[in-house]
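Got the viewer open? Then follow along, one selection at a time.

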Amino acid sequence: MSITWLCVYLLTTILVVSTKVSSDDSAPIPEDRSQVENWFESNVLPFSKRIWTVDTVLRIAERSRREIKVRKDGTGDFKTVTEAIASIPDGNTRRVVVNIGPGIYNEKILIPKTKPFVTLRGNPSAMAVLKFSGAAKKYGTFECGTLIVMSDYFNALFLIIKNSTPKPNEAEAEAGAQAVALRLGGDKAAIYNCRIYGYQDTLLDETGRHFFKSCFIQGTVDFIFGSGKSIYLQSQLYVVKQKWRTVIAAQAKQKNEDSGFSFVHCTILGKGSNDTYLGRAWLNYSNVVYSYSTMSKIILPEGWDNTGKPKQNMIFGEFHNKGVGASYNRRVDYSTRLSPSAVEPYLTLAYIQASTWLLPPHS
């Protein structure tokens with residue numbers, strides 16, 4: 001065998017072997033919560049074990065990753081997150097890990113579409129706080145966020161993201177009181193172990209495929225809203241009580257749009273009882289499913305609200321949930337107790353085509 005053909009043979013062998021080591025996005029999330037971590041570790045493999053199966057641009061980015069440090073005391077590369085983001089060039093092709101030290105960063109942060117492959121990483125034992133007070137009455141709903149991410153392949157780990165706008169009173173509920181903490185407008189984003197605080201419209205899951213794991217999300221009305229296609233796994237949804245109705249998810253999809261929210265092994269908590277909707281229609285179509293989740297007594301017996309939109313356009317599904325709020329006896333007629341076959345797409349990472357881009361937090 002010639003040297004040329006030997007090189008081709010060896011390269012082909014390496015590629016074949018490498019492509020056999022891949023994250024499996026078809027394995028369903030187990031119903032037993034105690035098995036979820038093992039499932040995740042088995043099906044979302046680190047980059048080093050699946051170099052040839054991730055997106056080509058992601059492979060290039062991860063192979064040339066670099067880290068910059070943000071420290072309030074001046075011991076890092078930058079004192080603010082905004083300065084760190086500004087240092088990343090437009091058209092960025094490298095994974096840039098912005099390591100953020102402890103402290104409160106009172107900033108309004110934008111990561112534009114031209115700066116993909118950014119990771120914001122805090123310290124798990126002393127999480128940095130990204131905080132800003134911005135409401136829709138001044139900035140508009142889509143521009144009021146503390147952290148606005150418009151780029152692809154974004155990651156966030158061990159951060160507290162907060163819109164510190166005060167809780168609105170009843171008179172302000174429909175008058176510009178929306179106050180977004182995090183807006184995700186890019187594709188292929190992963191959010192791990194973050195705490196996201198706000199009241200009305202806390203998390204704008206705007207568009208693209210997203211994965212949330214082990215997060216805490218707080219709010220009052222529509223506090224998870226948008227047209228994203230996302231999985232929320234093992235996360236806590238905390239409802240802040242107010243005098244008028246509270247709503248967790250306001251998912252909006254167009255007629256032929258591939259979007260929806262899948263909540264799996266989540267815990268719904270909050271004070272009060274029988275005053276919170278699992279979800280409502282924002283536009284004429286909506287797609288929200290809860291599976292294997294624990295629902296406290298704060299959930300209204302009716303469960304869902306179509307907001308006057310056509311009932312046939314709603315996919316409001318539930319599967320094997322538990323807790324007082326999971327009772328199906330008085331649910332609205334346009335909600336669905338899903339069968340195992342109907343819920344299956346919502347219980348696999350294939351829902352967000354994760355095998356080509358999702359990496360574990362410590363990849």
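Before we start clicking, one bit of vocabulary: two strands count as paired if DSSP finds at least two bridges between them. Keep in mind, too, that this is a predicted model.

**Stop 1: a pair of strands and what comes after**

Select residues 286–291, which make up strand β23, and residues 314–319, which make up β26: 6 bridges join the two, and they run parallel. Inside this pairing, Tyr290 stands opposite Glu318 in β26.

Stay on β26 and add residues 335–337, strand β27. These two also pair in the parallel sense, over 3 bridges. Here Gly317 is the residue to click, as it stands opposite Thr336 in β27.

Is β26 mostly covered or mostly open? Mostly covered: 5 of its 6 residues are buried.

**Stop 2: Tyr290 and its surroundings**

Go back to Tyr290 and show its contacts. Leaving out residues up to four places away in sequence, Tyr290 touches a crowd that includes Leu237, Ile248, Phe263, Met295, Trp304 and Phe319. Gly317 and Glu318, from the previous stop, are among them as well.

Now zoom out to the largest nonpolar core, which has 57 residues. Leu120, Phe154 and Tyr290 have the most contacts inside it. There is also a second, separate core of 34 residues; to find it, select Ala27, Val44, Phe117 and Leu233, which are included in it. In soluble globular proteins, nonpolar side chains tend to be buried together.

Tyr290 has one more role to show you. Which residues share an aromatic cluster with Tyr290? Select Phe212, Tyr232, Phe261, Phe263, Trp304, Phe316 and Tyr334; together with Tyr290 they form one cluster.

**Stop 3: rings meeting rings**

The structure holds 19 aromatic pairs. Start with Phe40 and Phe211, which are stacked at 6.0 Å centre to centre, with 5 degrees between the planes. Phe40 lies in helix α2 (residues 36–43) and Phe211 in strand β14 (residues 209–213), so this pair ties together parts that are 171 residues apart in sequence.

Keep Phe211 selected and add Tyr192. This pair is edge-to-face: 6.0 Å centre to centre, 65 degrees between the planes. Tyr192 sits in strand β11 (residues 189–192), so its pairing with Phe211 in β14 links parts 19 residues apart in sequence.

How exposed are these rings? Phe40 is buried, with a relative accessible area of 5%. Phe211 counts as buried at 0%, and Tyr192 does too at 2%.

**Stop 4: charges over rings**

Select Lys229 and Tyr351. The charged end of Lys229 sits over the ring of Tyr351, 4.5 Å from its centre. Then jump to Trp52, where Arg63 lies over the face, at 5.2 Å from the ring centre.

**Stop 5: the open sheet**

Finish with a cartoon view. Look for 8 strands forming an open sheet with parallel pairing, in the order β4-β7-β10-β13-β16-β19-β22-β25. At the edges stand β4 (109–111) and β25 (304–305), each with a single partner strand, so one side of each is left without a neighbour in the sheet.

For a closer look within this sheet, select residues 203–205 (β13) and 224–226 (β16), which pair in the parallel sense over 2 bridges. Leu203 stands opposite Ile224 in β16.

Technical notes: Residues are numbered from 1 along each chain as its sequence is written. This is a predicted model: local features need pLDDT of at least 70, side-chain atom pairs count only at pLDDT 80 or more; totals for chains, interfaces and linings use all residues. Side-chain values use heavy atoms; hydrogens and water are left out. Helices (H or I, at least four residues) and strands (E, at least two) are DSSP runs, numbered from the N terminus. A nonpolar core is a set of buried Ala, Val, Leu, Ile, Met, Phe, Trp, Tyr and Cys residues joined through side-chain atoms within 4.5 Å. Buried means under 20% relative accessible area, exposed over 50%, partly exposed in between (1.4 Å probe, protein chains only). Contact means heavy atoms within 4.5 Å. Rings of Phe, Tyr and Trp (its six-membered ring) pair if their centres lie within 6.5 Å; planes under 30 degrees apart count as stacked, over 60 as edge-to-face and the rest as tilted. A charge sits over a ring if NZ of Lys or CZ of Arg is within 6 Å of the ring centre and within 35 degrees of the ring normal.
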